[in-house]
Each structure stands twice: as structure tokens, then as C-alpha cells.
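Visitor: I have a structure in front of me and do not know how to read it. Could you take me through a few features, one at a time?

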Amino acid sequence: RSCAMRPTARARYRLTVLAADLLILFALGYSFPRRCEAFTLQMGLLKVGTPMPWEKSKKHNHYIRKAGVRQFISTYNRVKDLKGDELLWGDEIEYGIFKLDSGSKKVRLSLRAKEVMDRLNEKERSHAHRVEGCNWVPEYGAWMVEATPNRPYTGFTHDLLRVERNMRLRRKRILTELAEDEVAPTIAAFPLLGARTEDSTVPSTQVGGSKAESDYISDDIINPHPRFGTLTANIRQRRGEKVNIRVPLFRDTNTPEYYGFPESPTDLDGCCGGNTLQLWRYGKGDASRAKYGNERVVVGCSTSSRDDEFNEISGGPVTLEKWLVDVKCEGCRGLFYRSAPNVIVPDADWPRNGDIVVGSEIPNIPGWIRLQNGYYLPITSDDGKIPFLHKVSKRAHASNPEKRTLGSSTPLFRSSGTFESFPGGDANILRGSTLQALLEDKLTLETTASNGSATSTQNETGDTQTDFDNVRAAIHMDAMAFGMGCCCLQITFQAKDLDESRFIYDQLAVMAPIMMALTASTPLLKGRIADTDCRWGIISESVDCRTPAERGLKSDPQPELAAKGQRRIFKSRYDSISTYIYQGAYTGAADEEVNSKKKRGLKNRVLNMYNDMPVPIDEDSYHLLRKSGIDPALSQHIAHLFIRDPLVVFEGAVEEVDDEIQTEHFESIQSTNWQSVRWKPPPPRNDPNDPHIGWRTEFRTMEIQLTDFENAAFTVFVVLLTRVILTFDLNLYIPISRVDANMQRAHSRNAAVKGKFFFRRHMAPLEEGDDGYGVRYTSMFARAANGESVSRSSSRNSDDDVDEDGVSTQRRKAPFAPGSNEENSYAEMTMAEIMTGKGDYFPGLIPLVQAYLDYINCDSITRARIDQYLDFIQKRATGELVTPATWIRNFVRTHESYKGDSVVSDEIAYDLMVACKEIGEGIRHVPELLGDVKIKPITSAGAYDVKLESKRLRNEHLLDLLRR
């Protein structure tokens with residue numbers, strides 16, 4: 001009986017997988033023959049099966065995690081050598097549908113997105129003869145629908161003009177399915193979500209439900225497909241409580257929550273004053289919640305680079321620690337690396353006594369640290385009597401006194417004389433009096449951040465800032481819908497090969513907070529004005545399924561969970577990335593014998609020296625990946641993803657999955673790690689006729705804009721920036737802790753104009769000197785600015801410096817460029833400086849894009865529109881034009897019915913939604929948003945082709961037509 005049932009289960013499962021795979025292809029923007037397309041829409045995610053409840057599904061967690069890793073290994077080995085794919089890419093835009101009541105001046109959620117989506121897809125099928133079309137797919141909210149182009153954009157300039165045309169087409173077509181009293185503006189968040197317990201949706205819903213158990217919203221606003229409700233319930237159950245979202249509330253003149261707070265003349269600029277950014281430490285608020293409850297939140301301030309370096313309790317980035325190697329036993333010269341605890345690796349450059357290594361303790365493996373390079377070292381001998389490693393306190397050698405000097409001759413890295421370094425390695429070596437002073441506690445070393453145990457920090461004036469100095473009133477939310485109900489703009493790129501996809505992943509990770517700040521559009525939440533501008537942290541907290549122990553508190557072990565739910569995890573599963581994934585390749589050491597020894601060791605370690613944060617990994621997964629031939633950097637990335645548990649498990653799709661040909665379990669973990677960028681392996685091809693899809697990278701942080709012009713401008717800019725990075729061989733790497741700091745800064749109110757962000761000072765390789773160790777040199781860009789030529793002998797990107805795959809030495813060495821963890825490799829820059837340039841050494845991203853367009857001889861028609869896009873982005877970056885977040889906040893605060901209390905009333909929300917609709921459709925022009933750019937009006941007219949009918953008409957109808 002069991003054998004007879006097996007094929008049936010497998011066949012049912014393969015239908016499930018095929019439907020899911022086809023939907024993935026649709027999301028990327030691929031078109032299909034009509035027969036296949038109809039099947040996809042009928043058999044897509046909405047009918048994939050029955051998800052298990054949490055108590056049942058968690059029993060399969062261990063199997064699914066192991067199987068997911070096996071599936072990745074199988075996929076990787078099958079497609080790792082794919083090369084030569086063309087650039088294909090697509091965008092995703094999400095829409096919300098809202099019901100307007102002009103009589104009562106109210107706006108409500110219209111919960112008929114599925115009906116609208118089904119009708120739109122039916123029309124798409126009937127218009128499959130058209131080259132340009134749209135795909136409509138479900139989203140989390142019952143009022144939301146997502147749209148993509150029906151076929152990918154290509155790597156030709158004329159397709160850059162397709163973007164705005166297709167976005168306008170999507171807006172046209174959704175208008176055809178809206179009722180007269182419905183609107184679908186492209187806004188990031190519905191301003192009244194959760195603010196009204198009654199009369200907030202059409203049809204009406206009752207607050208509460210067994211899935212979210214929310215005090216503010218109804219389960220009925222969640223998309224009716226059981227996957228979404230199961231996600232909601234399982235996140236809550238795994239966490240052990242409802243999600244807890246607390247966003248700083250904007251303090252206006254009459255905001256009641258601030259009655260009793262100390263008066264501050266600068267408080268309209270936040271508690272930090274007008275010359276700083278107020279930092280919301282999203283995802284790190286358990287300590288303040290325990291002290292202040294749900295109605296308060298603790299914030300930080302950004303007055304200097306060091307003010308971002310808070311400890312774990314107060315919410316700043318937690319970075320790796322520095323350890324001194326000093327094995328105190330007779331004849332001992334140092335330590336061998338370990339590939340795993342107690343597994344010795346006799347690499348030639350093992351750390352000697354006096355070396356400084358960088359790593360973090362492993363909470364679930366006491367007595368060991370995991371190094372930045374992926375190796376392990378013991379802290380003491382097995383019996384604990386002989387210390388091997390000594391944690392170095394955080395204050396170190398003085399900062400370079402010349403670091404504030406701007407210009408082409410600024411030292412890039414640390415001064416010479418104190419440290420030596422192994423190329424591609426991780427050890428700094430102290431010599432002579434410096435080492436002796438450290439051992440005698442007369443000198444301490446400076447790290448990028450604290451070790452996560454301190455409770456206060458000092459700013460540059462020496463003033464101590466305690467954890468709870470900056471308390472703000474909070475907007476409290478308690479359900480996944482508050483985050484996943486936000487709309488955004490995302491882009492997915494197909495790379496030419498595995499190497500390029502990983503490199504672009506890393507470079508875009510640096511850009512993620514920059515572009516989020518520049519597109520900020522989420523200032524209203526739950527009927528209040530927020531003191532933040534972006535959605536990201538809201539979503540992060542809305543899906544934070546970490547147990548108390550994983551968040552740094554205490555809770556009982558749960559055998560079914562990953563690491564029994566006890567592993568310390570520093571971030572929500574929706575957050576910025578924790579590790580770069582490009583491995584690079586060491587190409588130094590002219591002596592072949594030395595070079596070969598180094599290569600033997602280097603191939604087994606993570607080379608990316610910009611990974612300066614602890615990366616929790618599933619140790620078993622990491623070692624399996626390494627044994628399967630996957631390099632350390634990528635193994636670390638996958639093993640980091642698999643510290644999470646699967647959140648949705650379908651009946652009949654556990655052990656029935658074939659790990660050799662399917663990726664169901666890998667995707668169940670991968671697709672619920674919602675990070676700032678996502679790296680996507682090629683999906684399986686279940687049929688020879690299935691379209692080929694290559695290695696892809698998804699850029700996920702940008703906020704949605706009110707008009708298709710804005711959305712197209714930022715989409716095209718990011719696409720061109722990827723070409724600039726590859727073509728001009730640029731390096732954007734900064735320590736990943738600084739990327740995290742930028743993510744916090746990007747949320748701040750008006751960060752695009754007021755804020756400063758950490759960015760790489762020199763994107764091009766050095767032109768002269770010995771890699772910058774205490775040597776003044778001239779930037780290649782400075783030569784151009786000063787009218788000098790670049791000598792061919794000093795250039796490092798000649799045609800001879802490229803391998804058979806077209807990868808340059810500069811790219812291969814980028815992950816471990818010297819000075820990666822030193823202050824002078826990056827600087828704080830304003831958005832205007834990042835986009836338009838700083839000094840003579842940093843040309844700015846917009847001039848680089850313009851130079852690229854000149855290089856490729858972009859056609860004049862395309863160039864004219866792109867120049868408009870770039871001019872608009874430049875004005876946004878310099879503050880000449882405001883972000884949607886600033887415009888929306890100003891709209892509310894200047895509304896005639898606003899009372900200065902940070903409350904968004906029904907009337908204000910109604911007028912705002914009407915205004916956003918009119919701006920998006922080109923009816924209303926707002927110069928402070930768009931400058932002199934006028935949006936051509938958009939109506940439903942012409943959304944679809946009109947057929948030349950030949951069906952016979954009744955005489956009565958003919959006469960009626962003639963009478964007109």
C-alpha cells in the first residue's frame with residue numbers, strides 16, 4: 001500500500017513545484033506561450049496545497065534545513081559553470097487599492113485585490129499578441145497587488161525607455177478595473193492602517209483573529225491564500241509572542257504623548273538637534289521595551305562616526321573583536337588554524353605570538369572564536385589552564401591626524417611603523433615595544449565598534465551617552481500586516497555568470513541604504529506622523545520570528561528549532577545583509593613557491609576583509625558546503641541563511657521532494673530571508689522547453705514613488721550604476737558594519753538632505769605608491785580633474801590584467817584591498833557628495849553614469865530621457881527637490897484641519913490619497929517634488945487594444961448609435 005501511494009504523492013508534488021517555479025519566472029518578467037501562461041495563472045501559488053500548522057510543521061524543520069542545503073549543493077554543482085548570459089532585468093511595483101467616500105471624507109482599504117488581479121490577468125491573456133504587457137501577482141494584503149513587465153528588459157539602451165512606458169501601462173490597466181470610488185496610488189503605506197478599529201475596510205472586518213492576534217487589525221485584511229495567514233501565525237508562534245513594532249513618533253507642538261517631556265527648542269528636528277540625525281535602532285529594542293513598555297522607544301544620535309558605534313544593548317552595529325595571540329607555554333610560537341573546532345589546518349601563515357586576529361566568540365561552542373576568515377581558534381587549552389588568546393580592549397592607537405584632510409593626496413590607510421599585514425590574510429602583527437606595551441596593559445587597540453557588552457559610549461568630546469538618554473514616544477504596532485502591507489520598488493538583474501552575480505550583490509549592498517534614503521516615502525503609520533521616513537525597519541520588526549534567547553534574552557530550549565532556538569542572532573530575517581559573498585582571488589607574491597603556499601591556505605578561508613560583523617552560521621551546513629567544494633565566502637552566506645527555520649511547510653512536500661532536481665526546501669529558507677539584496681541561483685528547468693534563467697541579484701530597498709517618472713528614474717539609475725561598476729572596474733566596498741550604520745541613518749527624517757553616510761573614498765585602484773601604507777598618492781580621478789593623463793605603466797586595469805572570463809585583477813582583489821578595516825578607507829559624505837562628487841578624488845556616481853553613457857555612445861533619444869532622470873536625481877540629492885516622505889509630512893502638517901498633534905485624521909488621509917492619485921496620474925503638478933518635469937496625464941483610455949469586431953449588431957442598437 002505504501003509503495004502504491006508514493007508515485008501519487010510525488011506526482012502531486014511535482015505539479016506543485018512546477019506551478020511555483022512558473023510563478024517565479026513570471027516575477028522575473030518572462031513571457032510564455034499562451035498555453036503555458038494560462039496554466040500558470042490557473043495553477044499558480046494560489047493553489048499549491050495545504051500548509052501545516054506550526055506545531056506540526058516544526059517537527060520537519062531539521063529535515064528541511066538539511067535537505068535545503070543538499071538542494072543548493074546539487075543546484076550549484078549543476079549550474080556553477082554557466083557563463084555568457086546576457087543582461088536581463090525587471091522591476092516590481094506594488095499597488096494598494098483604496099475606497100474613497102467623498103461624502104464623509106473617509107478612505108478605507110478595498111479588500112478585492114484578488115478579484116482585480118484575476119480580471120487583469122484574464123485581460124493580459126486576451127492581449128498576449130502584444131509585445132508589451134504586464135503580469136499581476138498576489139501580495140500579502142487583501143488590498144494589494146504586484147505588477148511586473150510581462151517580459152524582461154534587455155541589455156540595450158532602447159529598453160531603458162521601456163521602463164517608464166511599462167510602468168505607465170500598468171497604471172493604465174489597473175485603472176480599468178477600479179470602481180469609480182476606488183484609487184490605487186503608488187504609496188508606500190496606507191496612513192490609517194490599524195488606526196481605526198471599526199469602519200476601516202470594505203467589506204467591513206472585525207479586529208483580531210487567530211493568525212495575528214492583533215489589537216489593531218483584522219486577520220481578514222490578509223490575502224486569503226493560506227500561505228500568507230500561515231506565515232503570520234508561524235512567525236508569532238516561533239517568536240513566542242506577537243511581533244512588537246515601535247517607531248518613534250514625530251513631536252509637533254501639540255503632540256499629547258510628549259506632554260511632560262522636557263521642553264526643547266530644537267525638538268522639531270528630533271531629540272538630537274538640527275545638525276544631527278536621530279537614529280531608530282529597529283530590531284534591537286528589547287532592553288528599552290522591558291524598561292519603558294510599548295509606548296516608548298529609545299533612539300540614538302549621529303553626530304560623528306563614533307556615535308554610530310553603540311553596543312548591542314543600545315542598538316548600534318555589533319562588530320568583530322580583536323584578539324592578541326600569546327600562547328604562554330615554553331617553545332610555543334603561536335596557533336594553527338582550525339577548519340572546525342579541534343580540526344587543525346597547518347597553513348603556512350598560521351598566527352604567531354604577537355599577531356592580532358579578528359573574530360567573535362561562538363555562544364553555542366564555548367571556548368572558541370570564529371575568525372573573520374572562516375577559521376577557528378581556541379581561547380585556551382583544553383583544560384583551560386593555558387590562555388591562547390587575549391581580548392584587546394577597544395581604545396587603540398590614535399586616529400591618523402591627517403584623516404580629515406580632503407583631497408587627492410590624503411593617506412588612504414593607517415600610518416606605517418606599528419603594524420604589518422599578510423596580503424589576503426587577517427592578522428595584524430605587533431612588534432617590539434608596541435607588543436610589550438600591549439601585554440603590560442599600557443596600550444590598547446582601537447576597533448570599529450564595541451563588543452556588545454558595554455552600556456555606554458563616549459562621543460568625541462568625551463561626553464558619556466547612556467543607553468536610555470533619548471526616549472521618545474512610540475507608534476506601536478503588533479502584526480505582520482503593518483510591515484508586509486508596505487509597497488516598494490524592487491529590481492532583479494541577471495548576471496553573465498556566477499562571479500559577476502556575487503560581485504554585484506556586494507556592491508549593491510553598499511548602495512542599499514543610500515538609495516533607500518534617496519527614495520524615502522513612509523512618514524505616516526497607524527494614523528500618526530512618524531519621526532522616520534522609511535518602511536524597512538517596520539517590516540523588519542513585523543516578521544521578527546527570533547526567540548527571546550536568539551534576541552539575547554532568556555528562554556527555554558526548543559528541540560525542533562534551529563540550534564534549539566538558543567543561538568544568538570543579531571538581526572531579524574528581514575534586514576540588511578550580514579556578510580559579503582564575493583570571494584575574490586589572491587594574486588600577489590611573485591615568488592612561485594611562496595605564492596603556491598599562500599594559495600593553498602587562502603582557498604580555504606573567507607578572503608573578504610570587509611566582513612567585520614559576527615555572522616552566525618549553522619556549523620553543520622557550513623562544513624557540508626565546504627566538503628562539497630563550495631568556497632568559504634559562499635558557504636558562509638548559505639550557512640548564515642540556514643540559521644533560520646522554514647516558516648511555511650506544505651502537506652505532501654517534505655520527504656517527497658527530490659533533492660537532486662528540485663529546490664523547494666532551499667527556497668523555503670532563501671525566500672524568507674528578506675535581505676537588502678538577495679542572491680538567486682538559477683531555478684531548475686523541469687522541461688527542455690522551459691526558459692533559461694541565469695544567476696540573478698535582487699535589489700530590494702528602494703521606496704515606491706508617487707509617479708512612474710520617479711520610479712523609472714531610480715530604476716534606470718541603479719541599472720546603469722551596475723554597468724558603471726563593472727565597466728569602469730570600481731570598488732565600493734566599505735566595512736559591513738558601516739553599511740548597517742547607513743541603514744539606521746537612512747531611516748532618519750530627511751536623511752537624504754541632512755544626513756551623512758559612510759562611503760568609499762576611492763573607488764578606483766591606487767595609481768602610485770605601495771598600496772597606500774603611509775604613502776601619499778594621486779587618485780586616478782584626481783588626475784582627470786586636474787587635467788593630467790594617466791600613465792599606462794601605472795594603470796592597473798589594462799587589457800593584459802584580465803583573465804579568460806573577463807575578470808580583472810582589481811575585481812579579484814577588491815574583497816581584501818589593504819586598509820579595509822581602517823578609518824581612512826571610507827568617509828562620511830552627504831548625499832549630494834555621493835551623487836555629484838567630493839573634492840578632486842571622488843567624482844560622484846552621477847558623473848560616472850554620464851561618462852559611461854558617453855563611452856557606449858548612447859543614442860540621443862534615450863540619452864535625452866536619461867539626462868532628465870539624472871537631473872531629477874541630482875536635484876533630489878542636493879535638496880532642491882524633496883523626497884515623497886518630506887512632501888507627505890508637509891502635506892499633513894499644512895492641512896487646514898491639522899491640529900499640530902501628529903494625528904492624521906480621516907479628512908487629511910482622504911485629501912492626501914486624492915492628491916497622491918492625482919500626482920501619479922499627471923492631474924496635479926507638484927514642483928517641490930518634480931521640479932519642471934510634467935507628467936503626461938494617465939487614464940484608462942488606450943490601456944488595451946480595441947478589436948475590429950464583425951459580430952452582427954441588433955438593429956435597435958444600430959439605431960441608438962445613429963441617434964448619437
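Guide: What follows is a short tour of two sheets and two charged residues.

Guide: One caution comes before the tour, namely that this is a predicted model.

Visitor: How do I read a sheet, and in what order do the strands of the six-stranded open sheet lie?

Guide: Read a sheet from one edge strand to the other, and note how neighbours pair. Here the order is S4-S5-S1-S23-S29-S28, and the pairing is antiparallel.

Visitor: Which strands stand at the edges of that sheet?

Guide: The edges are strand S4, residues 134–138, and strand S28, residues 677–680. Each has a single partner strand, so one side of each is left without a neighbour in the sheet. From one strand to the next, the twist averages 20 degrees.

Visitor: How many bridges link S4 to its partner S5?

Guide: Five bridges link S4 with strand S5, residues 144–149, in the antiparallel sense. To follow a pairing by eye, find one pair of partners: Cys-134 has Pro-149 in S5 as its bridge partner.

Visitor: Which helices lie across strands of this sheet?

Guide: Take them in turn. Helix H5, residues 113–126, lies across S4 and S5 and runs at about 155 degrees to S4. Helix H6, residues 160–175, lies across S1, S4, S5 and S23, and its angle to S1 is about 30 degrees.

Visitor: Next I would like to look at S23. Is S23 largely enclosed or left open by the rest of the structure, and why?

Guide: To judge a strand, check the burial of each of its residues. In S23, six of the six residues are buried, so the strand is largely enclosed by the rest of the structure.

Visitor: Which way do the residues of S23 point?

Guide: Leu-489, Ile-491 and Phe-493 point one way, while Gln-490, Thr-492 and Gln-494 point the other way. The residues on both sides of S23 are all buried.

Visitor: Which strands pair with S23, and over how many bridges?

Guide: S1 pairs with S23 over six bridges, in the antiparallel sense. Within that pairing, Ile-93 stands opposite Leu-489. S23 is also joined to strand S29, residues 696–699, by four bridges, again running antiparallel. Two places to look are Gln-494, whose bridge partner in S29 is Arg-696, and Ile-491, which stands opposite Phe-699.

Visitor: What lies on the two sides of S29?

Guide: Arg-696 and Glu-698 point one way, Thr-697 and Phe-699 point the other way, and all are buried. S29 also pairs with S28, in the antiparallel sense and over four bridges. Arg-696 turns up in this pairing as well, as the bridge partner of Lys-680.

Visitor: What is the strand order in the four-stranded open sheet?

Guide: The order is S8-S22-S10-S9, with antiparallel pairing. Strand S8, residues 245–248, and strand S9, residues 277–280, are at the edges with a single partner strand each, so one side of each is left without a neighbour in the sheet. The twist of this sheet averages 50 degrees from one strand to the next. S9 is joined to S10, residues 296–302, by four bridges, and Leu-277 stands opposite Ser-302 in S10.

Visitor: How do I read a single charged residue, and is Lys-106 buried, partly exposed or exposed?

Guide: Ask where the residue sits, how much of it is accessible, and what it touches. Lys-106 is in strand S3, residues 106–110. Lys-106 counts as partly exposed because its relative accessibility is 25%, and the partly exposed class lies between 20% and 50%. Among the residues it touches are Asp-199, Asp-906 and Tyr-910. The side chains of Lys-106 and Asp-199 are joined by a polar contact of 3.1 Å. Lys-106 also shows how the chain folds back on distant parts of its sequence: Ser-905 is 799 residues away in sequence, yet 9.1 Å away in space, C-alpha to C-alpha.

Visitor: What charged side chain is nearest to Arg-338 with opposite charge, and how far away is it?

Guide: It is Asp-382, at 6.7 Å. Arg-338, in strand S12, is buried yet has no salt bridge. The side chain of Arg-338 does reach the backbone oxygen of Phe-336, at 2.7 Å. The contacts of Arg-338 include Trp-368, Tyr-375, Tyr-376 and Pro-378.

Key
Residues numbered from 1 in each chain as written. Predicted model: local features only at pLDDT ≥ 70, side-chain atom pairs only at ≥ 80, totals over all residues. Heavy atoms only, no water. Pairing = 2+ DSSP bridges. Axes fitted to C-alpha atoms, helices over the stretch in contact; angles between N-to-C directions. Contact = heavy atoms within 4.5 Å. Buried < 20%, exposed > 50% of the residue type's maximum accessible area, 1.4 Å probe, protein only. Polar contact = N/O pair within 3.5 Å; in protein donor to acceptor, adjacent residues only side chain to side chain. Lys, Arg positive; Asp, Glu negative; His and termini not counted. Salt bridge = Lys/Arg side-chain N within 4 Å of Asp/Glu carboxyl O. Lists of a residue's contacts leave out its neighbours within four places in sequence.
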